Amino acid sequence: MAATTAEALAGVHDGASFAVGGFGLSGIPNVLIQALYDTGVTGISVVSNNCGVDGGGLGVLLAARRIARMTASYIGDNKEFARQYLAGELEVELTPQGSLAERLRAGGCGIPAFYTPAGVGTPVADGGLPLRHTSDGSVAVASRPKEVREFDGRPYVLEHGITTDFALVRAAKGDRHGNLVFAKASRNFNPLAAMAGRVTIAEVEELTELDPDEVHLPGIFVQRVFPLTPEQAAEKGIEKRTVRTP
């Protein structure tokens, strides 16, 4: 149990890698992300579905130029993410969303690699995806071709599991053992990110005793639990508001 964010993030350092749960602003560990920003660490590598939004979530770290490499499934509406990538200021590995999810799960389960049909016949498998651009927009570093193997007459591409130094996740409920329960859409990349981290830190909205049957992620994957205040738990961003005129 961590009493403060400083305790929760003990040991983070420049150049460390992080798996971060959430999708856009849904289910993100925003308290830990802000606390990570406050530590001043830089040159970090982040694995997450995307990089937040301009001014929110992981976008805060991105705008401060703290992120050196991003592994994600899409850029989304984050204009600063796109700008840094195209200007050669940020290395980006774009991965199909399902493959990214499985790479995190595989890494957490000790599976070094697996074959998937996702990406066969595209630059994901054939190589050539820009990892880093130059300042004039040309490709400085491109992805390499991946192994493709045939099973039962169908081609599959080899993807490697992902493990990171740390993982930051958010849960609706948790206990002192690190067992976690996720609410609705927050059960997207949070369990998978938690599995991939060597040191997983979970911010929980409610610290309580849990019925074993309701546990979504067992505490074996979680090393530190940080209970949120009611005010912190209530703060949840909305990526887009849709207003319909009657």
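**Notes on the pockets, cores and helices of this model**

1. The second largest pocket has a volume of about 330 Å³. Before going further, keep in mind that this is a predicted model. Lining that pocket are 20 residues, and Glu93, Leu131, Ser143, Arg144 and Lys146 are the ones nearest its centre. Strand 4 (91–94), helix 6 (123–126), strand 6 (130–133) and strand 9 (154–160) are the elements that put two or more residues into the lining. Sorted by class, the lining of the second largest pocket comes out as ten nonpolar, three polar and seven charged residues.

2. Now for the largest pocket, at about 430 Å³. It has 23 lining residues, with Ile28, Asn30, Arg170, Glu235 and Lys236 closest to the centre. Two elements, helix 2 (30–39) and strand 10 (164–174), each bring at least two residues to the lining. Helix 2 gives the most, with four. Its class make-up is nine nonpolar, nine polar and five charged residues.

3. There is also enclosed space to look at. How many cavities of 30 Å³ or more does the structure hold? The count is one, and the largest cavity contains about 40 Å³ of space. Around it you will find Gly21, Gly22, Phe23, Gly24, Ile28, Ile33, Ser48, Asn50, Gly52, Gly57 and Leu58. No charged residue takes part in this lining, which has four nonpolar and seven polar residues. Ile28 is worth a second look, as this cavity-lining residue is also among those closest to the centre of the largest pocket.

4. The largest nonpolar core has 33 residues, and Phe18, Leu36, Ile67 and Met70 have the most contacts inside it. Quite a few elements give two or more residues to this core: strand 1 (17–20), helix 2, strand 2 (44–47), helix 3 (59–63), strand 3 (67–72), helix 4 (79–86) and strand 10. Helix 2 has the largest share, with five residues. A separate second core has 23 residues, including Leu180, Phe182, Leu192 and Met195.

5. Leu36 is a good residue to click on if you want to see how the largest core is put together. Setting aside residues up to four places away in sequence, Leu36 touches Leu9, Val12, Phe18, Val41, Ile44, Leu61, Arg66 and Leu168. One of these partners, Phe18, is itself among the residues with the most contacts inside the core.

6. Helix 2 keeps turning up, so to speak, and here is its own profile. Asn30, Val31, Leu32, Ile33, Ala35 and Leu36 are buried in this helix. Just after helix 2 comes Gly40, with a positive phi near 85°.

7. Ala35 belongs to helix 2. Is Ala35 buried or exposed? Its relative accessible area is 9%, under the 20% cut-off, so Ala35 counts as buried. Beyond its neighbours within four places in sequence, Ala35 makes contact with Thr5 and Leu9. Leu9 also touches Leu36. For a sense of distance, Ala35 and Thr4 are 31 residues apart in sequence, and their C-alpha atoms are 9.8 Å apart.

8. Helix 5 (residues 97–108) allows a quick geometry check. With twelve residues at 1.5 Å a residue, helix 5 should span 16 Å, and its end C-alpha atoms lie 17 Å apart, so the two agree. The buried residues in helix 5 are Ser99, Leu100, Ala101, Arg103, Leu104, Ala106 and Gly107. Gly110 follows helix 5, and its phi is positive, near 80°.

9. Two residues deserve a look for their backbone angles. Most residues other than glycine have a negative phi. Arg65 is not a glycine, yet its phi is positive, about 60°. You will find Arg65 in the loop between helix 3 and strand 3, and its 46% relative accessibility makes it partly exposed.

10. The other one is Lys184, a residue other than glycine with a positive phi near 50°. Where does Lys184 sit? Its place is in the loop between strand 11 (180–181) and helix 7 (190–196). At 80% relative accessibility, which is over the 50% cut-off, Lys184 counts as exposed.

Conventions:
Residues numbered from 1 in each chain as written. Predicted model: local features only at pLDDT ≥ 70, side-chain atom pairs only at ≥ 80, totals over all residues. Heavy atoms only, no water. 1 Å grid on protein atoms, 1.4 Å probe; cavity = no way out; pocket = protein on both sides within 12 Å on 5 of 7 lines; lining within 4 Å. Points joined across faces, edges and corners; volume = space filled by probe spheres on them. Nonpolar A, V, L, I, M, F, W, Y, C, P; charged D, E, K, R; others polar. Buried < 20%, exposed > 50% of the residue type's maximum accessible area, 1.4 Å probe, protein only. Expected span 1.5 Å × (residues − 1). Core = buried A, V, L, I, M, F, W, Y, C linked by side-chain atoms within 4.5 Å. Contact = heavy atoms within 4.5 Å.
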